[in-house]
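Student: I would like to learn how to read the features of a protein model. Please take me through them one at a time.

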Amino acid sequence: MASVLVVEDDQFVRSALIRHLTDAAHTVRSVGTALEALREVAHFRFDVVILDLGLPDLDGAEALKMLRGITDVPVIIATARDDEAEIVRLLNDGADDYLTKPFSVEHLSARMAAVLRRARSSGEAPPSREIRVGGLSVDPLRRQARLDDKPLDLTRREFDLLAFLAGRPGVVVSRRELLAEVWQQSYGDDQTIDVHLSWLRRKLGETAARPRYLHTLRGVGVKLEPPQ
């Protein structure tokens, strides 16, 4: 099973998480501060990190940035905060998923399983051909994207989303399919997809009201096609 680092300063919550994860046959280490978490990931290999935001020594959002500076381990944010702007910022800073407290152990298990599936699938060999849609080019092998010959600075998830849609030009893809293929989840919150689409549109120089490449069909899905 998975090797998990739990970063949580609330002893009651931490004990409950450890008990649940251990019962599910995962190997668990736990710490209560951001500094300890950084030491752990520097010395041990983990499959996933569950990170609380309300840490005593450093805000979890800052801890996430520091973690991303030394490791690509998947990070699930566990937070009582539900502000959309903060969620967007966390996802853009490298969080792989987030859970709003309180959450059930079943919900945590499902999110962990999805994150671990994504991590495994990302190690598989990507398609070798470069994808071109209008002035947009996507190279899955090098994980690079360019718009009108200018490089796009994309997060890992933004690139995965763009590559999936670009590989199906003109095809309307449902949110359920995006969750299954890009997020590797059988269910989830549409807000996660909308957040990533919004950031991707911004980097493509467009908006939902004035689309060029990304077109949303309300109640149906999303498609990527060259500008008319």
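**Reading the model, from pockets to strands**

Tutor: Let's start with a pocket: Phe12, Val13, Ala16, Leu17, Lys101, Pro102, Phe103 and Val105 form the lining of the second largest one. This is a predicted model, in which local features need pLDDT of at least 70 and side-chain atom pairs count only at pLDDT 80 or more, while totals for chains, interfaces and linings use all residues. Residues are numbered from 1 along each chain as its sequence is written, and side-chain values use heavy atoms, with hydrogens and water left out.

Student: What do pocket and lining mean here?

Tutor: On a 1 Å grid over the protein atoms alone, a pocket is an open set of points with protein on both sides within 12 Å along at least five of seven lines; a cavity is a set where a 1.4 Å probe fits but cannot get out; lining residues have an atom within 4 Å of a point. Our pocket holds about 160 Å³ of space, a volume being the space filled by probe spheres set on the points, which are joined across faces, edges and corners.

Student: Which helix gives the most to the lining of the second largest pocket?

Tutor: That is α1 (residues 11-23), with four residues. Helices (H or I, at least four residues) and strands (E, at least two) are DSSP runs, numbered from the N terminus. By class, the lining of this pocket has seven nonpolar residues, one charged and no polar. Here Ala, Val, Leu, Ile, Met, Phe, Trp, Tyr, Cys and Pro count as nonpolar, Asp, Glu, Lys and Arg as charged, and the others, Gly among them, as polar.

Student: How many cavities of 30 Å³ or more does a search of the whole structure find?

Tutor: The search finds one, and the volume of the largest cavity is about 40 Å³. Around this cavity you will find Val88, Leu91, Asn92, Thr155, Glu158, Val195, His196 and Trp199. Both α4 (84-92) and α8 (190-203) supply at least two residues of that lining, which divides into four nonpolar, three polar and one charged.

Student: Now the interior. Which residues have the most contacts inside the largest nonpolar core?

Tutor: In soluble globular proteins, nonpolar side chains tend to be buried together. A nonpolar core is a set of buried Ala, Val, Leu, Ile, Met, Phe, Trp, Tyr and Cys residues joined through side-chain atoms within 4.5 Å. In this model the largest core has 28 residues, and Leu136, Val138, Leu162, Leu165 and Leu224 have the most contacts inside it. Elements giving two or more residues to this core include β7 (136-139), α7 (175-181) and β11 (221-224), while the largest share, seven residues, comes from α6. A second, separate core has 26 residues, among them Val31, Leu38, Leu55 and Ile87.

Student: Leaving aside neighbours within four places in sequence, which residues does Leu224 contact?

Tutor: Beyond those neighbours, Leu224 is in contact (heavy atoms within 4.5 Å) with Val133, Leu136, Leu162, Leu165, Ala166, Arg168, Pro169, Gly170, Tyr213 and Leu214.

Student: Why is α6 largely enclosed by the rest of the structure?

Tutor: Nine of the eleven residues of α6 are buried, so the helix is largely enclosed. Buried means under 20% relative accessible area, exposed over 50%, and partly exposed in between (1.4 Å probe, protein chains only). Among the buried residues of α6 are Arg157, Glu158, Phe159 and Leu162.

Student: In what order do the four strands of the open sheet lie?

Tutor: Strands of a sheet pair through backbone hydrogen bonds, either parallel or antiparallel. Here the order is β6-β7-β8-β9, with antiparallel pairing; two strands pair if DSSP finds at least two bridges between them. β6 and β9 (150-151) are the edge strands, each pairing on one side only. Three bridges link β6 and β7, with Ile131 opposite Val138 in β7. β7 and β8 are joined by four bridges, and Asp139 stands opposite Gln144 in β8. The hairpin of β7 and β8 has four residues between the strands, and Arg143 in the turn has a positive phi of about 55 degrees. On β8, Ala145 and Leu147 make the covered face, Gln144 and Arg146 the uncovered one.

Student: Which faces of β3 are covered?

Tutor: Both: Val48, Ile50 and Asp52 are buried on one side, Val49 and Leu51 on the other. β3 runs parallel to β1 (residues 3-7), joined by four bridges, and Val6 has Ile50 as its bridge partner in β3. β3 also pairs with β4 (residues 75-79) in the parallel sense over four bridges, where Val49 is partnered by Val75.
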